[in-house]
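Subject: A structure for you to explore

Hello,

I am passing on a structure for you to look at. Please open it first and turn it around a little, then read on for what turned up in it.

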Amino acid sequence: RLLGADHKCFGVLLPQHLSKALNSLQRSFSSPSHITMALAIKSAAAQVACVKAAPVAKANRMMVWRPDNNKMFETFSYLPPLSDDQIARQVDYIVNNGYTPCLEFSMPEDAYVSSGSSIRFGAVSANYFDNRYWTMWKLPMFGCSDPVQVLREIDNATKAFPNAYIRMSAFDANRQVQVASMLVHRPSSAKEWRPVNQRQV
């Protein structure tokens, strides 16, 4: 039995017109006439086909992504720049989970992957990284348990290289993998990105 008394098919509540179609189909199964069954199936299919499709959005409401000066890095870079308080919370998360924080920096002209900023030693293969590494700020902060130390180093790196991108990464020593990466400083002179409200037209 396809349709229950509660108008559900396999546990799914059906619209009234589909319930009627399936009821008609079920009644035809008790009839020995193959012609009756075929007509019932055709009728049910016709009623299902009559379901209206969702209206398509009007063209004047659609947005177009700007391809010019609209580059991103990782997930957080699609959001507005992180505030000092938001960066502090990310640092807390990294340190409280026992991950190793690490700071890196790069000038804007070398921050993005391009033929000019990459040296390829052969065909791309597994574990191949193309310009994923920036210059490291000091050493990774192994064993760091004080978020204030990380925030202090972010401030020092920003003062030393105000015109560079600075990002914070985090590594899990047990799994031997990188678990976080985010920009903590974007140079004010950067022209290759746009605020959130200017990224589409």
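Before we look at the strands, one definition helps: two strands pair if DSSP finds at least two bridges between them. With 3 bridges, strand β3 (residues 100-106) and β4 count as a pair, and they run antiparallel. One bridge you can look up yourself sets Phe105 against Thr135, which lies in β4.

Please keep in mind that this is a predicted model. Its protein chain has a mean pLDDT of 77, and 62% of the residues reach 70 or more. Over residues 6-10 the pLDDT stays under 50, and the model has 13 contacts there beyond four places in sequence. Where pLDDT is low, the predicted coordinates should not be read in detail.

Now the overall picture. The protein chain contains 5 helices and 6 strands, and along the sequence they follow the pattern β-β-α-α-α-β-α-β-α-β-β. The chain has 201 residues, and 32% of them count as buried.

How are the strands of the open sheet ordered? The order of its 4 strands is β4-β3-β5-β6, with antiparallel pairing. At the edges are β4 (135-137) and β6 (177-185), each pairing on one side only. From one strand to the next, the twist averages 35°. Helix α3 (residues 84-96) packs on this sheet and touches β3, β5 (165-172) and β6, with its direction at about 20° to that of β5.

The aromatic rings are worth a visit too. A search of the whole structure gives 8 aromatic pairs. Take Phe73 and Trp134: their ring centres are 5.6 Å apart and their planes lie at 85°, so this pair is edge-to-face. Phe73 sits in the loop between α2 (34-49) and α3, while Trp134 is in the loop between α4 (108-111) and β4, 61 residues apart. Trp134 is buried, at 8% relative accessible area, whereas Phe73 counts as partly exposed because its relative accessibility is 23%.

Tyr112 and Tyr165 are also edge-to-face, because their planes are at 80°, with the ring centres 6.2 Å apart. This pair links the loop between α4 and β4, where Tyr112 lies, to strand β5, which holds Tyr165, 53 residues apart. Are these two buried or exposed? Tyr112 is buried with a relative accessible area of 13%, and Tyr165 is buried with 0%. Ring pairs link Phe73, Tyr112, Trp134 and Tyr165 into a cluster.

Enjoy exploring, and write back with any questions.

Best wishes

Notes: Residues are numbered from 1 along each chain as its sequence is written. This is a predicted model: local features need pLDDT of at least 70, side-chain atom pairs count only at pLDDT 80 or more; totals for chains, interfaces and linings use all residues. Side-chain values use heavy atoms; hydrogens and water are left out. pLDDT is the predictor's confidence in each residue, from 0 to 100. Contact means heavy atoms within 4.5 Å. Helices (H or I, at least four residues) and strands (E, at least two) are DSSP runs, numbered from the N terminus. Buried means under 20% relative accessible area, exposed over 50%, partly exposed in between (1.4 Å probe, protein chains only). Axes are lines fitted to C-alpha atoms, for helices over the stretch in contact, and angles run from 0 to 180 degrees between N-to-C directions. Rings of Phe, Tyr and Trp (its six-membered ring) pair if their centres lie within 6.5 Å; planes under 30 degrees apart count as stacked, over 60 as edge-to-face and the rest as tilted.
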